[in-house]
There are 2 protein chains.
Amino acid sequence: MPLNPADSAFAERLAAALPFDTVRPPEPRHLEEPRGRYFAKSGLLALPRTAGEVATILRAANAARVGVVPYGGGTGLVGGQVMTTGPAPVILSLERMRAIRALYTEENVLIAEAGCILSDIQAAASDANRLFPLSLAAEGTARIGGTLATNAGGVNVLRYGNARELCLGLEAVLPTGEIWHGLKRLRKDNTGYDLRGLLIGAEGTLGVITAAALKLYPRPAEEGTALMVVDGPRAALDLLARARGRLGEGVSAFELIHRQGLEFLRETLPDVRLPFDDLPEWMVLVEVGLAQGLNAPAALEALFEEAAEAGLVTDGLIAQTEAQRAAFWSVREHIPEANRRIGSVSSHDISLPLGAVPEFIEKGGEAIAALGAFRINCFGHLGDGNLHYNVFPMPGKSRADHETQRDAIKRAVHDLVAEFDGSVSAEHGIGRLKTGDLARYGDPAKLMAMRAIKQALDPAGIMNPGAVLDG
Amino acid sequence: MPLNPADSAFAERLAAALPFDTVRPPEPRHLEEPRGRYFAKSGLLALPRTAGEVATILRAANAARVGVVPYGGGTGLVGGQVMTTGPAPVILSLERMRAIRALYTEENVLIAEAGCILSDIQAAASDANRLFPLSLAAEGTARIGGTLATNAGGVNVLRYGNARELCLGLEAVLPTGEIWHGLKRLRKDNTGYDLRGLLIGAEGTLGVITAAALKLYPRPAEEGTALMVVDGPRAALDLLARARGRLGEGVSAFELIHRQGLEFLRETLPDVRLPFDDLPEWMVLVEVGLAQGLNAPAALEALFEEAAEAGLVTDGLIAQTEAQRAAFWSVREHIPEANRRIGSVSSHDISLPLGAVPEFIEKGGEAIAALGAFRINCFGHLGDGNLHYNVFPMPGKSRADHETQRDAIKRAVHDLVAEFDGSVSAEHGIGRLKTGDLARYGDPAKLMAMRAIKQALDPAGIMNPGAVLDG
């Protein structure tokens with residue numbers, strides 16, 4: 001059955017059921033996304049203050065068969081937050097629910113409402129001498145509800161896991177308006193199906209997360225950062241294995257950087273200081289956070305020496321000060337901005353079995369070359385097998401010159417990913433950008449199960465229509 | 001619609017669709033469970049060799065509306081593996097599917113079929129100089145399929161997580177007979193709903209796990225174990241916080257032991273050497289696995305000194321040899337057997353928010369005392385807030401003397417757990433033992449969602465009837 005628009009009659013009824021000023025026309029920021037690739041024509045903005053108000057909104061939307069698009073910080077990269085077609089939905093923004101409800105230092109647990117900005121949660125944890133390890137480029141804007149709904153990743157997944165692994169419990173409103181009071185602070189709880197894990201990563205299609213119990217960690221006693229020039233991706237993997245053999249979970253991040261990214265930085269962001277005068281073809285950024293009794297620079301030095309002896313690394317810099325650590329990270333963190341300024345023809349957030357990464361990079365280059373002359377910036381979270389594999393025009397050409405080739409490039413990259421048993425969406429999710437990829441590359445039995453679950457929990461099909469499962 | 005029995009006509013049809021000797025009468029071991037509390041009257045045993053054969057069985061069972069009970073090692077403690085009432089089901093044992101299909105050392109991934117014995121997987125990992133950290137009392141008999149289906153815990157959850165966190169991907173057969181080929185070896189994969197997490201912990205009610213891609217870890221470079229006498233549960237928690245502040249994830253296990261358990265050991269298993277002549281009221285077993293460059297006994301010594309200065313610990317033993325480490329663990333690991341020999345009136349696998357543990361132990365003692373004279377052995381995985389809270393008769397009395405009080409004791413303990421926002425099943429699951437507890441203490445919205453998911457994925461209701469959701 002088709003959905004109905006959130007028209008003025010619906011808006012009036014909804015407004016009457018909620019406190020003053022909960023329902024409004026949307027602002028422009030609610031109708032587009034940061035890269036300007038998705039636009040909504042219209043919608044009705046709802047700004048609830050409590051889970052109870054969210055429940056009121058979902059019950060009304062269910063009764064009227066009106067679509068609901070949950071909205072967090074709006075930083076998603078796959079269009080999950082913007083409904084581009086169909087009747088005007090309710091845009092349900094959690095921005096007013098931004099209390100940190102409680103912090104249990106002894107338990108290493110923090111309870112945050114869905115509208116909390118990620119960096120505010122990090123800061124609250126830090127004030128209690130704890131670490132909330134979820135860290136990603138958009139952390140100053142992204143809200144925890146959306147971060148969980150998309151099972152966001154970032155730079156510390158290697159050590160601490162994705163958003164799903166960092167959440168102990170949820171408060172959420174199911175599509176038919178029931179509130180699930182599941183803010184458990186437990187490390188072990190085997191009482192029934194994993195509804196928490198199911199809502200996390202469902203991208204708002206199975207309900208609205210209103211609050212979460214989040215895992216904190218002790219801050220590592222000793223932290224350190226190094227850049228090491230490696231003899232290619234295979235050597236980088238070998239270095240990773242040696243690092244983990246020596247330091248175990250002490251390896252917090254292991255980021256691969258290709259020369260192309262450094263050249264883009266030099267071209268577009270000359271203020272970012274590059275660490276080597278001769279730009280190396282491949283290097284890795286290694287971050288460690290160690291136990292008391294170890295010295296981080298010394299541990300990195302010992303690792304470097306072992307790797308140099310094995311012929312894996314040819315040059316390296318170990319940060320001796322906090323300023324140097326920040327400078328090394330600045331290189332890594334500015335690469336996405338440099339990419340944006342160059343303008344990719346097609347970008348891909350993929351993951352691969354770790355052992356397949358070197359061969360994928362080799363074959364990927366051949367597949368792209370077969371389609372024309374392009375520059376490839378392949379970088380990312382190597383420790384997780386997660387590459388941001390972005391294809392750019394040659395100097396003098398622009399993104400617009402290659403419009404007609406984008407689909408073929410995307411297809412070539414994703415076909416190769418599928419061949420290696422990888423994922424066409426490692427950390428960004430499906431949203432509206434990749435529904436076709438999910439249908440093409442997804443396992444049929446899993447897709448069948450997903451559709452059955454969607455139908456069971458959201459029989460009217462109101463939750464984030466068109467996202468993840470398109471029709 | 002009621003289920004039909006797996007009668008001889010069904011058995012003949014099923015046998016004809018499968019290779020010779022796949023269908024048989026069950027052996028006695030398939031019809032009971034280790035503690036002798038659940039018995040099945042009858043059933044038809046199926047011993048498939050492949051996921052395809054499992055699919056054939058489920059399709060036939062669906063068509064005939066015959067119940068299916070997935071069967072692993074049979075070591076579950078809540079009766080999930082034994083259907084006690086209703087028409088005779090197919091007992092689907094995975095015992096012939098015990099290949100380790102692949103081991104990717106570089107990727108820290110091992111792919112095992114569901115029938116692999118847990119200790120065989122640990123040994124295969126160890127042979128590759130890796131660690132598969134899932135470790136529990138029944139590991140010599142438990143099979144990985146059942147271990148995953150029940151989201152088993154054990155002694156290393158504090159560091160490495162439950163079974164769910166140790167699994168990257170699954171091959172499974174859905175209730176209607178479709179095979180989900182989901183054996184991904186990826187650390188990040190945001191392509192749709194978390195079906196993996198949903199099947200894990202569903203106790204065979206949503207499908208049959210046939211193989212799993214499991215996470216391995218590097219073996220810690222330095223390992224050590226200590227026993228420390230603590231000034232009560234509050235001091236134990238403070239000690240845990242200090243240990244994690246110093247050593248982070250290096251704390252692998254943190255087990256609480258009460259004098260009652262030591263007294264039971266002395267009484268029933270006199271060969272187990274007790275570490276202190278004067279049995280302390282409370283002690284903890286601390287296990288650490290550290291990075292290269294640290295010395296485990298020295299790190300434990302430094303922790304002990306800090307804790308002694310703070311008045312948290314009064315005595316301690318730090319293992320200097322492997323034999324001593326084994327002896328310390330032997331104390332902890334024999335407590336369940338000592339409990340069995342004494343014979344509990346009622347035992348409880350519960351978890352609590354970490355900070356609530358001391359008050360729970362205090363109030364729990366009062367609540368039990370109000371019901372009569374009993375001995376309480378409260379021990380377990382304190383690092384996870386997971387207590388095994390077991391109530392025993394006084395000397396001279398027996399389990400049978402208290403039959404009529406069991407329900408009141410269980411109710412008192414579980415009510416108190418609910419009051420503290422804990423879980424009435426931390427690691428054992430719901431099975432058939434705790435369906436009433438789930439209905440009583442479970443969140444109504446979550447239960448509604450669970451029923452909807454069960455109905456959506458298993459419309460004929462054939463999968464493990466009566467387990468988790470009773471009717």
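User: Two strands pair if DSSP finds at least two bridges between them. What joins strand β2 of chain B to strand β4 of chain B?

Analyst: First, a caveat: this is a predicted model. Strand β2 (residues 44–46) and strand β4 (residues 90–93) of chain B are joined by three bridges. The cut-off is at least two, so they pair. The two strands run parallel, and B:Leu45 has B:Ile91 in β4(B) as its bridge partner.

User: What makes β1 and β3 of chain B edge strands?

Analyst: The order is β1-β2-β4-β3 in an open sheet of four strands with mixed pairing. β1 (23–24) and β3 (68–71) of chain B each pair on one side only.

User: How do you know how the two copies are related?

Analyst: Lay chain A on chain B and the RMSD is 0.0 Å, using a turn of 180 degrees and a shift of 0.0 Å along the axis. The copies are thus related as by a two-fold rotation axis.

User: And why do we say the copies meet through the same surface?

Analyst: Because 100% of the interface residues of chain A are also interface residues in chain B. Chain A puts 85 residues into the contact, and chain B puts in 85 residues.

User: What area is buried between chain A and chain B?

Analyst: It's about 7000 Å², with carbon and sulfur atoms giving 56%. In chain A, the residues that lose the most area to chain B are A:Lys188, A:Asn190 and A:Tyr193, together 16% of what that side buries.

User: Why is A:Arg164 with B:Asp194 called a salt bridge?

Analyst: The test is a side-chain nitrogen of Lys or Arg within 4 Å of a carboxyl oxygen of Asp or Glu. The closest N and O atoms of A:Arg164 and B:Asp194 are 3.3 Å apart, so the pair passes that cut-off. A:Asp194 and B:Arg164 also meet in a salt bridge, at 3.3 Å from N to O. That second pair crosses between chains, from the loop between β9 and α6 of chain A to the loop between α5 (157–160) and β8 (167–173) of chain B.

User: How many salt bridges are there between chain A and chain B?

Analyst: Twelve salt bridges, while the structure holds 58 over all chains. There are also 46 residue pairs in polar contact between chain A and chain B, both residues at pLDDT 80 or more.

User: Which elements of chain A supply its side of the contact?

Analyst: α14 (444–457) is one of those that supply at least two residues each, and so are α7 (233–247) and β9 (179–182). The largest share, ten residues, comes from α14(A). By class, this side of chain A has 36 nonpolar, 26 polar and 23 charged residues.

Note on methods. Residues are numbered from 1 along each chain as its sequence is written. Chains are lettered from A and ligands numbered from 1 in the order in which they are written. This is a predicted model: local features need pLDDT of at least 70, side-chain atom pairs count only at pLDDT 80 or more; totals for chains, interfaces and linings use all residues. Side-chain values use heavy atoms; hydrogens and water are left out. Copies are superposed by least squares on the C-alpha atoms of residues with pLDDT of at least 70 in both. Contact means heavy atoms within 4.5 Å. Buried area is the accessible area (1.4 Å probe) that two parts lose on being put together, summed over both. A polar contact is a pair of N or O atoms within 3.5 Å; within protein, one must be able to donate a hydrogen and the other to accept it, and residues adjacent in sequence count only if both atoms are side-chain atoms. Ala, Val, Leu, Ile, Met, Phe, Trp, Tyr, Cys and Pro count as nonpolar, Asp, Glu, Lys and Arg as charged, and the others, Gly among them, as polar.
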